[in-house]
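These are my notes from a pass through one model. I looked up helix packing, the nonpolar cores, a few buried residues and some backbone details.

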Amino acid sequence: MKLSGKESAEKKWSTCLSILLFSLTFFLFIGSLWIRKTYGVLLKATIDEEFMNFLENKRRLFVMEVCIPTFLFLLLTGMGALLFLRRKPGKRRIINGILLLAAVAFGVISAERLDVAAYGKHCIRKAETQWYDGNRVVTHALGAIDGVAYTNSKEALESSYAKGNKAFECDMIFTSDQKLVAYHDWDAGMIEGVSEENIPTKEEFMNAKIYGKYTPISLDEIVIFMKEHPDVYIITDTKTGDCAEFQEWVDTAEAYQCPDILDRVVVQIYHAYMYKDIQKIYPFKNVIFTLYAEGYRGDPDQMEKYSEFCRLHEIDIITMREEFYSDELHEICQKYGIELFVHTVNDPVRKEYFMQRRVGIYAD
């Protein structure tokens, strides 16, 4: 049956659109392979300033390795498809189907290569207000009380909160009966008769007094305090790579019927392997990679690796010792979209120095 002029034109236009869609997705496919090879996944690449300025320093490479080969391939493919259709016009539907299927395949592979899903999640997260936007100072060890630091006591927490602090770092440790309490270490000498050789039970710990006057608290009291104060964030300092401590957080929050407080628990990890182990326990929204347990001493190349790891795992903050800070390290973090915090800073001059640079601090 002979086609009318209108039907024939529509079929030709459908073929042209199929070729165009195939061309665009194939170009994206080649470009995604090049980006992956040159910069890594899109989530990292779009933060990396070299990628953001690639038209200035990678233009020739991009043209030679992506644009020209793609153009030649598409030219030959398009010419071949048109010649085939001139000889066998009845096969137009088959050709269109093949082109569309190939276009879908190229689109899916490109999205996977560029990690587009993670990039979308990253964009949504960055558009939201995060806890650190309004809390550039983290109160160390629940704050000082009567000029005394490291007590992690009820009085320190209540006094610090009354002064307007909202983000608290808390030292956590297991008692002999495997209950999580707020204490720095058993050899700290703050409770008489307590040491690594004589670790108390939870009951013994709660009945003692820190320095003979301050009230100890356990995870139960911290969870209750967070439940009663919905603007409070707790940054965990659990000292070890034992992720079982975070199961205690989950269990305790559920026991007090306030699992929503877990979104205000900011988990500090000390080694990269901890991230996945903790996320298996609970998908904590807020994570900090703190570097003191890694023995970090300010090496820029190592900071590049830490920053890349954090960006790829949606970890927003790196914390390091204040004495090893440099503006170069801060610039590396900024390049990857990572916030940098330093600890512990109590000198007013140093505090102002870091505040001017938008570097967060831990302070007593």
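**Notebook: packing, cores and backbone**

I began at Thr290: leaving aside neighbours within four places in sequence, Thr290 is in contact with Gln268, Ile269, Tyr270, Thr319 and His343. I noted that this is a predicted model. Thr290 sits in strand β6, which covers residues 286–290. Is Thr290 buried or exposed? I read a relative accessible area of 1% for Thr290, so the residue is buried.

**Entry: the peptide after His343**

His343, one of the contacts of Thr290, led me to the backbone there. I found a cis peptide bond between His343 and Thr344, with omega at about -15 degrees. I placed Thr344 in the loop that runs between β8 (339–343) and α15 (348–356).

**Entry: α10 against α11**

I looked up how helix α10 (residues 219–228) meets helix α11 (residues 244–255). Their axes come within 10 Å and cross at roughly 55 degrees. An angle of 65 to 115 degrees would count as roughly perpendicular and one under 35 as roughly parallel; α10 and α11 are therefore oblique to each other. I recorded the crossing of α10 and α11 as right-handed.

Which residues of α10 and α11 meet? On the α10 side I listed Leu219, Asp220, Ile222, Val223 and Met226, and on the α11 side Glu248, Trp249, Thr252 and Ala253. Sorted by class, this contact of α10 with α11 has six nonpolar, one polar and two charged residues.

**Entry: nonpolar cores**

I then checked the cores. The largest nonpolar core has 70 residues. The residues with the most contacts inside this core are Ile222, Trp249, Ile269, Phe289, Met303 and Ile318. Ile222 and Trp249 I had already met in the contact between α10 and α11. Not counting residues up to four places away in sequence, Ile222 touches Cys170, Met172, Ala182, Ile217, Ile234 and Trp249. Another core lies apart from the largest one and has 20 residues, including Ile35, Leu74, Ala81 and Ile95.

**Entry: Leu262**

Trp249 came up again at Leu262. Leaving aside neighbours within four places in sequence, Leu262 is in contact with Trp249, Val250, Ala253, Tyr282 and Phe284. I located Leu262 in the loop between α11 and β5 (265–269). The relative accessible area of Leu262 is 0%, so I entered this residue as buried. I also looked up the spacing from Leu262 to Asn286: 24 residues in sequence, and 9.2 Å in space from C-alpha to C-alpha.

**Entry: α13 against α14**

Met303, listed among the core residues with the most contacts, also appears in a second helix pair. Helix α13 (residues 300–312) and helix α14 (residues 327–335) pack at about 25 degrees, their axes 9 Å apart. Angles under 35 degrees count as roughly parallel, and α13 and α14 are therefore roughly parallel to each other. I noted a right-handed crossing for α13 and α14.

From α13, the contact takes in Pro300, Met303, Glu304 and Ser307; from α14, it takes in Glu328, Leu329, Ile332, Cys333 and Lys335. By class I recorded five nonpolar, one polar and three charged residues in the contact of α13 with α14.

**Entry: Glu314**

I followed the chain on to Glu314, in the loop between α13 and β7 (317–321). What does Glu314 touch, not counting residues up to four places away in sequence? I found Leu43, Ala118, His122 and Arg125. With a relative accessible area of 12%, Glu314 is buried; the cut-off for buried is under 20%.

**Entry: Thr70**

I went back to helix α5 (residues 59–87), where Thr70 is placed. Thr70 is buried, at 2% relative accessible area. Outside the four places on either side in sequence, Thr70 touches Phe26, Phe27 and Ile30. The C-alpha atoms of Thr70 and Ser23 are separated by 8.6 Å, and the two residues are 47 apart along the chain.

**Entry: positive phi**

I closed with two residues other than glycine that have positive phi. Gln178 has phi near 60 degrees and lies in the loop between β2 (167–174) and β3 (180–182). Tyr211 has phi near 55 degrees and lies in the loop between α9 (202–206) and α10. I entered Gln178 as partly exposed, at 47% relative accessibility. Tyr211 also counts as partly exposed, at 43%.

Definitions and conventions: Residues numbered from 1 in each chain as written. Predicted model: local features only at pLDDT ≥ 70, side-chain atom pairs only at ≥ 80, totals over all residues. Heavy atoms only, no water. Axes fitted to C-alpha atoms, helices over the stretch in contact; angles between N-to-C directions. Helix = DSSP H or I, 4+ residues; strand = E, 2+ residues; numbered from the N terminus. Parallel < 35°, antiparallel > 145°, perpendicular 65-115°, else oblique. Left-handed = near helix turned anticlockwise from the far one by under 90°. Contact = heavy atoms within 4.5 Å. Nonpolar A, V, L, I, M, F, W, Y, C, P; charged D, E, K, R; others polar. Core = buried A, V, L, I, M, F, W, Y, C linked by side-chain atoms within 4.5 Å. Buried < 20%, exposed > 50% of the residue type's maximum accessible area, 1.4 Å probe, protein only.
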